[in-house]
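Biologist: I have a new model on my screen and would love some company while I read it. Please pick apart a single part of the fold with me, residue by residue.

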Amino acid sequence: MPSWKLTWEGGIREFPDLTERIWVTERPPGGCLNYIALREVRGKDVTYPHPMLVLPGMTSHGGNS
């Protein structure tokens with residue numbers, strides 16, 4: 001199980017009604033990227049009862065695999 005570390009918690013300058021938290025973990029050797037990050041954004045008027053995880057597709061990395 002990867003060990004996640006909270007690396008940032010605070011406001012978003014461009015959107016003063018939102019706050020964010022970012023967690024980072026290392027990937028096992030042999031991956032094309034060294035780290036994986038999760039970002040949580042919250043707002044005062046958010047009404048969803050559960051967090052949503054959005055994962056980018058391979059096309060967000062120029063199609064590299």
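What percentage of the 65 residues in the chain is buried? With that as a starting point, please take me closely through strand β2, residues 15–26.

Modeller: Happy to. Please keep in mind that this is a predicted model. Buried residues account for 8% of the chain's 65 residues. The accessible surface comes to about 6100 Å², and carbon and sulfur atoms make up 57% of that area.

A word on confidence before we zoom in. The average pLDDT of the chain is 75, and 63% of the residues reach at least 70. Among the strands, the mean is highest in β1 (residues 5–12), at 92, and lowest in β3, at 83. Where pLDDT is low, the predicted coordinates should not be read in detail.

Now for the setting of your strand. The chain has three strands and zero helices, and from the N terminus its elements follow one another as β-β-β. Of the contacts in the chain with a separation of 6 or more, 16% are between residues 24 or more positions apart.

Let's begin at the start of β2, where the chain has just come from β1. Two residues lie between β1 and β2, and the two strands form a hairpin. Their pairing is antiparallel and runs over seven bridges. One of the partnerships to look up on your screen is Ile12 with Phe15, the latter in β2.

Moving along β2, we come to Leu18. Its relative accessible area is 27%, so Leu18 counts as partly exposed. Apart from neighbours within four places in sequence, Leu18 touches Gly11 and Ile12, and also Val41, Arg42 and Gly43. You can check one of these partners by distance: the C-alpha atoms of Leu18 and Val41 are 6.6 Å apart, although 23 residues separate the two along the chain.

Glu20, also in β2, deserves a longer stop. With a relative accessible area of 11%, Glu20 is buried, because the cut-off for that class is under 20%. Its side chain makes a polar contact with the side chain of Trp8 at 3.2 Å, and another with the side chain of Arg39 at 2.5 Å. Beyond its neighbours within four places in sequence, Glu20 has contacts with Trp8, Glu9, Gly10 and Ile12, together with Arg39, Glu40 and Val41.

That brings us to charge. Side chains of opposite charge can pair when their charged atoms come close. There are three salt bridges in the structure, and we can visit each in turn.

Glu20 and Arg39 form one of them, with 2.5 Å between the closest N and O atoms. Arg39 sits in strand β3 (residues 35–43) and Glu20 in β2, so this pair ties together parts that lie 19 residues apart in sequence. The partners differ in their surroundings: Arg39 is exposed, at 55% relative accessible area, whereas Glu20 is buried, at 11%.

Next comes the salt bridge between Arg21 and Glu40, whose closest N and O atoms are 2.8 Å apart. This pair, too, links distant parts of the chain, since Arg21 belongs to β2 and Glu40 to β3, 19 residues away. Arg21 is partly exposed, with a relative accessibility of 26%, while Glu40 is buried, at 16%.

Glu40 has a further partner in Arg42, with the closest N and O atoms 2.5 Å apart. Through shared partners, the salt bridges join Arg21, Glu40 and Arg42 into one network.

Finally, follow β2 on to Thr25. Its relative accessible area is 5%, so Thr25 is buried. A polar atom of the Thr25 side chain lies 2.9 Å from the backbone oxygen of Ser3.

To pull the walk together: β2 forms a hairpin with β1, and along β2 you pass the partly exposed Leu18, the buried Glu20 with its salt bridge to Arg39, the partly exposed Arg21 with its salt bridge to Glu40, and the buried Thr25.

Conventions: Residues numbered from 1 in each chain as written. Predicted model: local features only at pLDDT ≥ 70, side-chain atom pairs only at ≥ 80, totals over all residues. Heavy atoms only, no water. Helix = DSSP H or I, 4+ residues; strand = E, 2+ residues; numbered from the N terminus. Buried < 20%, exposed > 50% of the residue type's maximum accessible area, 1.4 Å probe, protein only. Contact = heavy atoms within 4.5 Å. Salt bridge = Lys/Arg side-chain N within 4 Å of Asp/Glu carboxyl O. Areas by Shrake-Rupley, 256 points an atom, 1.4 Å probe, with all protein chains shown as cover. Polar contact = N/O pair within 3.5 Å; in protein donor to acceptor, adjacent residues only side chain to side chain. pLDDT = per-residue confidence, 0-100. Pairing = 2+ DSSP bridges.
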